[in-house]
Each structure stands twice: as structure tokens, then as C-alpha cells.
Amino acid sequence: MGSIKEEKFRFCIDRGGTFTDIYAEVPGQSECCVMKLLSVDPLNYDDAPIEGVRRILEEFSSQKIPRSSKIPTDKIEWIRMGTTVATNALLERKARPNIFDLTVSKPSNLYEEVVEVDERIELPIDVEGLRPSLKCLLDKGINCLAVVLMHSYTYPHHEILVEKLALSMGFRHVSLSSALTPMVRAVPRGLTATVDAYLTPVIKEYLSGFMSRFEGGAEKVNVLFMQSDGGLAPEQSFSGHKAVLSGPAGGVVGYSQTLFGLETSKPLIGFDMGGTSTDVSGGSKLKFQFGAFHVGPESVGAHPGPVCYRKGGELAHACAIARSLGIESVLLTQVRQKLRDQGFGDESINTETYLNLRYEGTDTAIMIKQPTGEDGIDYAGQFERMFQKEYGFKLQNRKILICDVRVRGIGITNILKPRELEPSTGIPQSEGSYKIYFGKGWLETPLFKLEKLGYGHTLHGPAIIMNGNSTIIVELNCKAMITKYGNIRIEINSAPTAIDIAEKVADVVQLSIFNHRFMGIAEQMGRTLQRTSISTNIKERLDFSCAVFGPDGGLVANAPHVPVHLGAMSSTVCWQLNYWGENLYEGDVLVSNHPCAGGSHLPDITVITPVFDNGKLVFFVASRGHHAEIGGITPGSMPPFSKSIWEEGAAIKAFKLVEGGIFQEEGIVNLLQTPALIKELIDQYGLETVQAYMSFGSAVVEEEDYMDDGSAIHLKLSIDAEKGEANFDFEGTSPEVYGNWNAPQAVTAAAVIYCLRCLVDVDIPLNQGCLAPVTIHIPEGSFLSPSDKAAVVGGNVLTSQRITDVILTAFQACACSQGCMNNLTFGDDTFGYYETIGGGSGAGPTWDGTSGIQCHMTNTRMTDPEIFEQRYPVLLHMFGLRENSGGAGYHRGGDGLIREIEFRRPVVVSILSERRVHAPRGLKGGMDGARGANYLIKKDKRRVYLGGKNSLKVDAGEILQICTPGGGGFGSPL
């Protein structure tokens, strides 16, 4: 492995949840020393990293170092350490389950208390007015703060004032969102500050104890700690939000340096299964991309990342860039000096220049490293190439904006490099033979010691390879080979790529694999759609769904994005298939939104791509997203008083958005590049196998509930236990209404799928097989099966929630939830905005309802308040819980929300809501949840009730107040 010249020890330490691994370079030796210790072993030592350093120094320096004494530092050049202390603290918390969990559990909060203060950039903050509130926190024993104020990313002064006050009062630690992540979006910035405030005291306590074990403390030993993004930081700048992970996942840095290019040029996947967590890294998930390592596509906590990611820097080009941007002065951070402070010499320091670029009108920024080549420094050209590579298209005639300029400093460390081994001669000798149980029974298995194996040795499984730190099992029909760098390569006896399958019976393992791969394709479609979208509804609120369909239009996989879309798109695909017949060709993309063509309501536009394999139609992929403006009689395309569908906007039954590969609307088709993933499945398993796996996947109760206008939804539920079948009969439901809460049949089908999936509580695939044992009868002419001229904009967002309440009540599963999506739209001739607002969920037999949550048929999120105020003429006065609005009961219903919005210029506001007349019902003696209410607060402070459905013009300075319903209680109150 080559020798080192330095006469001091170097240590690299990985402190995991179960084991601590120590790698040491020993002066005068060409081989490294490796040691593995239990991370927690209080009977033998207090701290595993300290114990590992002590043992190695004692062994190789011939100096006795008692455990009770401090570690001498005169023989240590440096220590690099990654630790899972922060990871462990976070993993103790529970996460939110999937959308089909009726308990709607939220993650537990990191914070204990919230203190509010009136402020904006133009509204001075009353700092002294905060003193009594902060004093109360100190009296309760709370001594760490996270401070997040609106728009502090651009104006941090108010946060700094709060920090000064808090520290002067005796708070132990204060995390400022503006200092940690100076980027727009208050919610992720606030979460980062909260994580930092939660973890930093834990980290500092551990680091303080660790550093105190060395002679002279931190001043005498060079210790750098690994951050989540792979950067190294000294103790004083190592904080909680940078320590969530002990480094990049799955050993990506290590194996990229020791394996890729040396042992193989194939793409690598790293798998690290530890006691705390399991990490996986691979070429497409965690990679050196856009000039920097990325830990997830939206890792807001990674900014500002390591020291080398500061704004400005020692940059030749900096002045030219500033001049082109109209900047009069440039402030350069001393990147090189920061690295010198960490012990790097000038000869070991490199710097790289980056521009963070995005297309105008988008939020998708890409970090571009300074290009070098024949064309000179062409940042724009490199950005366009990287954008097209990542998203499959580029936006023509669109300006490219510079978000920020960054300099990356790199300190190069000379560590031992892998050395080539001489080929070994002779046959490897085993240490003995042992009986090991494999899948087919007990087998005699030879054991080999790794240190006695050499380059070229081959072991046929079954076999065991051991050294002092690990045990490797080579299974039957596999073989292990020692490479020229001393690594072990195991060749697997892989299964054939084309898998035979019985005509009607699926292999359960392959069934699970295919279900997850189909679902993964649909979910990846959603991520692509969100990343490339300009729409607030798609990018911020996530109001979309994606799915994969078979050649007959049957649902294969529907990613669980928005429940009201579950199964509903299958009707759209089938309708298009019947309409176009044989007139579909490779390169075609279809668009539709008409309810009679399988749509839900007009704002939900569905884009469908037929997928061909060797000229044969084999699949469809489709995406459905809510658009904030498609015409209609009010801005936002959700008119409260529409009576006919033409009043609700543009209606499209069938249209080829792209025909034969020729775009009819620039760029949209490229959001649907996911068919390539399906073709990968076909190439791997064969078309017949893939299509075969697509298809796999005694009581009578009556229930009724009412819309606010009195229209009834009647359900007769019949279950045949012997046959395993269920019939949902909606006979008795009211006729088509002279309003817009008529619901196409696809909406009812989606509600049935959602409820069944919640009740089954098993991770069944969301495909056409879900409804195979289920029949749904909806009487023609009812408002659940209206004519093609009926207004339907409210059916998708109001009626769907009432259908869900009726079904779940029939099963006695839980009390009614808020039963509404509280649809708000506003705008004028220049823009339209749309959102849905959460409320309270219903309580159940063993749980309280959840407060302030999107319930059942919607899973969208709210627009970040800073984006909301930045893009639209509004001020958000209040967004909080509506206390005591949940129904009382043995288990209480969740509380609704209160949202107050002040308009800064005249706009048309429309509200489309339910449960303003009929309250969400309790169950088993539980009380009803509170009804919702909508008010307009005039400039003279008058409060005017708007009813459940209204549209009006509001003036600047007027405030809209929406109070959403609470959930029903379950069981009689004590």
C-alpha cells in the first residue's frame, strides 16, 4: 500500500450505533491498522473512539496509556471521525405512516413550545415584548431556541435581535434559520433550524467530552468531524443540522475511491446495514452531480454545507460576473484561509467555481461547475446540457438566471493508496470445516482466513471467509475471488432474465418485486413532474397523481399521491383507448379533462402516453394534475355557482398533445419519460412475464349522509364472506343537482378503492385487481352519475369526501372527518391561485382524531407562506388550529384550522366548501365535530358570513377568514 513519510499517527473513525471502526496509519509501516469495537461497552470503556485510539497508540508506540489517563497528542497528526450520535437522537422519533392509515398520525414534534411575534420586513419587531414569553420558557427548563421569521432569508435583522435577547437572558443555544439556510421557503428553513436547535446541544455535549480526553484538549489535537454531505468540520463549527447523517450514505466516497476504476468500471451500489440504520447508495440516487455531492433532491439542510460552500470566494471571474449582474461590490470569503485553519498547506488546496443556474419562471436550479473546453467558459451551454440530461428536455427561448455564485475549497489529504498484490501460487488451505444451514439444508462448509488468501485465489461456495473484523458467507453455486488489490469479488449464479410463469398462479416473490417496481415507476413519474413543474399547485402543493396501465387500460400501479385520483384515471385511459382505437402511434401523447371521458373535474388535466415495444402497444402511463386556471366564470376555475360544465372552463374530451413526436405544446411531453423504465422491465423479464404480473394483484349494511343542500348519498353495502365479494350499491342517492357538486363515476370508484385499502391495512398493490371482487352500482342520473352537461367542479373535492365518510361509517371504522377540502381560489385578469385547506380527522376505536390535517381523498400540502406572500398580493395573518372544534368522545375528534388572508389589491375570491350546514358526525356515542364557517372581515372590522359557497370581489385591506370543520368523536365522553 505504499509507505508514508510522516512520523505521526492518522486516525479515521466511524462511530456507528452498534460498532465503532477505527482505521489507523502507523508511522513506518506500509500497512494500515484496522480495529472494530462495540460502540457501547460500559464494563470495559467509556467511549469506543477514545478506546480505539488508546489501544493503537499503546500497541505501536510501546507506551503504556492507562484508561483513566488522557490520550497523549504528540504522536497524532490528525483524527477524522463520523458519528451517529445525531442520527440516533432523531431515529427515536416516529414518522408519519402512509396515507391509508386512518389514525393519520403525525411525526412527533422536536419542539416543546411555540412563541409567536408580530413582524414582517416592514413591520418592526417588539423585541422587549418577547421577554416575558422567553422568561416563561426558561422557567419551564427550555433553554434552546430555533428562530424562524418570515422572509428572514433576505432580511435577517429581526432574527439577530431575538438571538441577542435570548442569549442575554441565559438561553444555552439559539439557532437562526437565516444563518443556517438563507433560502426562500419558511417551512423547510424552520425545520432545519429546529433540527439544529434540537441536536446541537447533544452534539456539543458529546464532542466536548470527546475532546476533553486528549492532553491539551482541542488546541493540541487536529480533529475534524464528518458532516452529512461528506464535508469535514472542526469542533467549533460542527452543529446539529450538519450531523443528521454520519456521512454520505452507503460508503459512496470510500468505494468510489477504492473500487471504481481500479476493480471495475461498472456502476456500483453500496449497501451498509448497521445497527442504527441501513444505507444504500448508487449511481442514480447519490452521486457526484452538478459539481457537488447531493444527498437527496431537496436536502435544504445541506446548505450552506461545508465551509467551502460559502457565497463568494477567491475567484478569477468573480468581478466579471458581478459586473454583468449590476453588482457594485464583491465580498470574498477566504476559502483558502478556512482550509489553512484546518491544517491544510497551500500545496494541498484547490478551489472550484460554481454558478447556481435556473430557467426564468422555474424553481429548478442546477449547480454548474466552471466549464473548461474548446468553447471557453460556457456556463449557459453546460446548464442546458445538464438540464436536458436530468429532465429530458430544455425550455426554448427562456432566460437563464444566476441564483448565486459559489466557491468550493478542497483540502487534499495523502492517505494510503491500494497497492497491487503479487499473484499467489498454490491452493488455498482451509482452517477447518463446519456445518452451515443453507436454504436446502445443512452443508459441510470450509472456513478460510482472509490473511492467508492471495491474489488469484478462487473459492467455490459454500465457503466462509473470516478476518478479525468481519465474516463473509459464500453461498452455494457462487464463487469468491481475491482481486489484485486484496478485495473479494463474489460472482453470483444469477437467475435467467426471462422468467417462466404459470398461466394463472404468480410466484409470490416475483409478484412482490413487480408490484414494487411498477409502483416505483409511478412514484418516479411524480418526482419528475414535481421537479420540472412551474405551477405552484404541482411543485408546492403536490396536487397530482401518476399511474401505470396495461394495454387494455387496466390499472397496474397508482402511486399514492392524491387519494381522490386512485383508480379514477383508468376510466380515462379506457375511454381514450376506445376513442382512438388503432390510431395510436409511438410518439403520441394524449390530453383530456372532460368528466364524461373519465375525468374528475376540469382543472384536473390528464396527460396519457401510450408505450410501444417493437411497434406493439404494451402499456400506458398517465399523470393527472390540478391546474389553477383553465378558464371558467371565476379566476381559479373553481366557481361556487356553476350550473353547467361550460361555466367551469375549457373541456377536452380527446386531443393529441403530441402527435408522432411533434410537440403541440413545448416541453410538456418530456415530463413523461418514464416509459423507458417500463421498457427496462420488458428487456429484463420479457413482455409476457411483465404483463402477466399486472393482472395479479356476509353482511348487509345501509348508511346515508347529506350534502349541505340536502342531497342524499345512500349506500347499501353487501358482503359475501364465503365468496370474498362486496357490492357497493348507491341506489337511493339523490338525482343530478343544479349545482356543481355532481361527481363523475370515477370519483366514487376512487373513494371505494381508498376506503378498502384503509380497511385492509395490508400493503396490497393499487391496481385493477383491487376491484376484482368488488361491484359498484351507481344509478344513472344521480348526482354520482350525472349527465355530460352537468357542472362537476365540486364533485371531486367535496362529494368525494362525503362518499368516503358514508363508506367508513358503514363499516363503523371511524367517525366522520371534516368532509370537505375547503377550496379557495382568488385572482384577477393576470393570475389565478388555488388551494385546499385541511381540517380535523375523525376519531376511531383506539385513537383520537388528528388536528389540522388533509383528510382522506386529498393529500396535498399548503404553499409555503413565504412563496405565498412572494408570488401573490396577500399577507398571511393567521394559520393555526381551531381549538375545541373536534367532537368530544372517549376518543376526541381532531380540531379544524383557521386561516386568515389579507389581500393587498382588489381580487375576485371564491370559496367552495361543505360541512357548513351538516356537521361531521360522531360515532358510537361520540359528539359531532364543529361545522365550518367562512367570513369576510371588512376594513371597518365588520365580520360578514359568506356561507359555504360564494364568489365576491374583495378590496385591498380586507381579510378572508376560513374556519374549517373538526372531526367527529368516537365513543361516549367519560
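**Helix packing, sheets and turns in a predicted model**

In this predicted model, helix α3 (residues 131-139) packs against α4 with an angle of about 45° between them and a spacing of 11 Å between their axes. That angle makes α3 and α4 oblique to each other, since anything that is neither roughly parallel, roughly antiparallel nor roughly perpendicular goes into the oblique class. As for handedness, α3 passes α4 in a right-handed crossing. On the α3 side, the residues that meet the partner helix are R131, L134, K135 and L138; on the α4 side they are L165, A166 and M169. Sorted by type, the residues of this contact between α3 and α4 come out as five nonpolar, no polar and two charged.

Just ahead of α4 in the numbering there is a backbone detail to look at. H151 sits in the loop between β5 (144-147) and α4 (157-169). This residue has a positive phi of about 65°, even though H151 is not a glycine.

A second helix pair turns up further along the chain. Helix α16 (residues 745-760) packs with helix α17 (residues 795-810) at an angle of about 40°, and their axes are 9 Å apart. So α16 and α17 are oblique to each other as well, and α16 passes α17 in a right-handed crossing. From α16, the contact takes in V747, T748, A751, V752, Y754, C755 and L759. From α17, it takes in G795, N796, S800, I803, T804, I807 and L808. The mix here is nine nonpolar, five polar and no charged residues for the contact of α16 with α17. Put next to the earlier pair, then, the α3 and α4 contact has two charged residues, while the α16 and α17 contact has no charged ones.

Now for the sheets. One of them is an open sheet of four strands, in the order β16-β17-β19-β20, and its pairing is mixed. The strands at its edges are β16 (432-438) and β20 (471-474), each of which pairs on one side only. Going from one strand to the next, the twist averages 30°. Inside this sheet, strand β17 (residues 441-449) and strand β19 (residues 463-466) run parallel and are joined by three bridges. Here F448 stands opposite I465 in β19. The loop between β18 (458-460) and β19 holds P462, and the peptide bond leading from G461 into P462 is cis, with omega near 10°.

Another open sheet of four strands has the order β35-β34-β38-β41, this time with antiparallel pairing. Its edges are taken by β35 (832-836) and β41 (949-954); each has a single partner strand, so one side of each is left without a neighbour in the sheet. The twist in this sheet averages 15° from one strand to the next. Between the two edges, strand β34 (residues 823-827) and strand β38 (residues 907-912) run antiparallel, with five bridges joining them. In this pair, G827 stands opposite V908 in β38.

There is also a hairpin, made by β30 and β31 with five residues between them. Strand β30 (residues 699-706) pairs with strand β31 (residues 712-720) in the antiparallel sense, over eight bridges. Across the pair, D705 stands opposite I713 in β31. In the turn, G710 has a positive phi of about 100°.

Finally, a word on confidence. The protein chain has a mean pLDDT of 79, and 79% of its residues reach 70 or more. Some stretches score lower, including residues 501-505, where the pLDDT is below 50. Beyond near neighbours in sequence, that stretch has six contacts in the model. Residues 665-681 also have a pLDDT below 50; for this stretch, the model has 41 contacts beyond near neighbours in sequence.

Terms used. Residues numbered from 1 in each chain as written. Predicted model: local features only at pLDDT ≥ 70, side-chain atom pairs only at ≥ 80, totals over all residues. Heavy atoms only, no water. Axes fitted to C-alpha atoms, helices over the stretch in contact; angles between N-to-C directions. Parallel < 35°, antiparallel > 145°, perpendicular 65-115°, else oblique. Left-handed = near helix turned anticlockwise from the far one by under 90°. Contact = heavy atoms within 4.5 Å. Nonpolar A, V, L, I, M, F, W, Y, C, P; charged D, E, K, R; others polar. pLDDT = per-residue confidence, 0-100. Pairing = 2+ DSSP bridges.
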